[in-house]
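Trainee: I am new to this structure and would like a close look at a single part of it, the salt bridges. Could you take me through them slowly and show me where they belong?

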Amino acid sequence: MLYALLALIVIYLVLTVGLRGWTSYSLKRNATVLKSEEFEEQSHSGQIIDLRDPADFKTKHVLGARNIQLQLLLQNPSAIRKDKPVFFVDANNQAAEKIVRKLKKQGYTQMFVLKGGMASYTGKTK
């Protein structure tokens, strides 16, 4: 019984660490990951898309951001322009990883992601 419990804990940890590692690798491969200060400086030149739930967006969001949930954007990527840089904000970079992977395949080239999600952002908010 104890070995089974330990095995489950090890499997859980391996999967969790693996998922985080894959997310980080995939983000860096498909977009530029920016720290909070860099995101604040550079995002003025493009479209800021917040992928979080509307309730979280209403509580606090990057000044100038539009809220488009991940599922809606996956269904209709044309909601964002290809000719302008796109700056993504989410909760933990998992949603951003999914959308930048899809958009890269569709020809989007100027994509940026806030490292660590909204919890790490120190710039201007509304």
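Mentor: Arg81 and Asp83 bring their side chains together in a salt bridge, with 2.8 Å from N to O. What you have in front of you is a predicted model, and in it Arg81 is partly exposed, at a relative accessible area of 44%, while Asp83 has a relative accessibility of 52% and therefore counts as exposed, the cut-off for that word being over 50%.

A search through the whole structure finds three salt bridges, and another of them joins the side chains of Arg52 and Asp50, where the N to O distance is 2.9 Å. Here the setting is a buried one, since Arg52 has a relative accessibility of 10% and Asp50 has a relative accessible area of 0%, and buried means under 20%.

Asp50 also leads us into the sheet, because strand β2 covers residues 47-50. Strand β2 pairs with strand β4, residues 86-89, in the parallel sense and over four bridges, and within this pairing Gln47 stands opposite Val86 of β4. In the wider picture, five strands make up an open sheet with parallel pairing, and their order is β1-β5-β4-β2-β3. The edges of this sheet are taken by β1 (32-34) and β3 (66-67), and because each has a single partner strand, one side of each is left without a neighbour in the sheet. Helix α5, which spans residues 94-105, packs on the sheet and touches both β4 and β5 (111-114), and the direction of the helix makes about 175 degrees with that of β5.

That helix brings us to the salt bridge between Arg101 and Glu97, whose closest N and O atoms are 2.7 Å apart. Both residues lie in helix α5, and they are four residues apart, which is about one turn of the helix. As for their surroundings, Arg101 is partly exposed, with a relative accessible area of 32%, whereas Glu97 counts as buried because its relative accessibility is 4%.

To set the three side by side, the bridge of Arg81 and Asp83 joins a partly exposed residue to an exposed one, the bridge of Arg52 and Asp50 joins a buried arginine to a buried aspartate, and the bridge within helix α5 joins a partly exposed Arg101 to a buried Glu97.

Key:
Residues numbered from 1 in each chain as written. Predicted model: local features only at pLDDT ≥ 70, side-chain atom pairs only at ≥ 80, totals over all residues. Heavy atoms only, no water. Pairing = 2+ DSSP bridges. Helix = DSSP H or I, 4+ residues; strand = E, 2+ residues; numbered from the N terminus. Contact = heavy atoms within 4.5 Å. Axes fitted to C-alpha atoms, helices over the stretch in contact; angles between N-to-C directions. Salt bridge = Lys/Arg side-chain N within 4 Å of Asp/Glu carboxyl O. Buried < 20%, exposed > 50% of the residue type's maximum accessible area, 1.4 Å probe, protein only.
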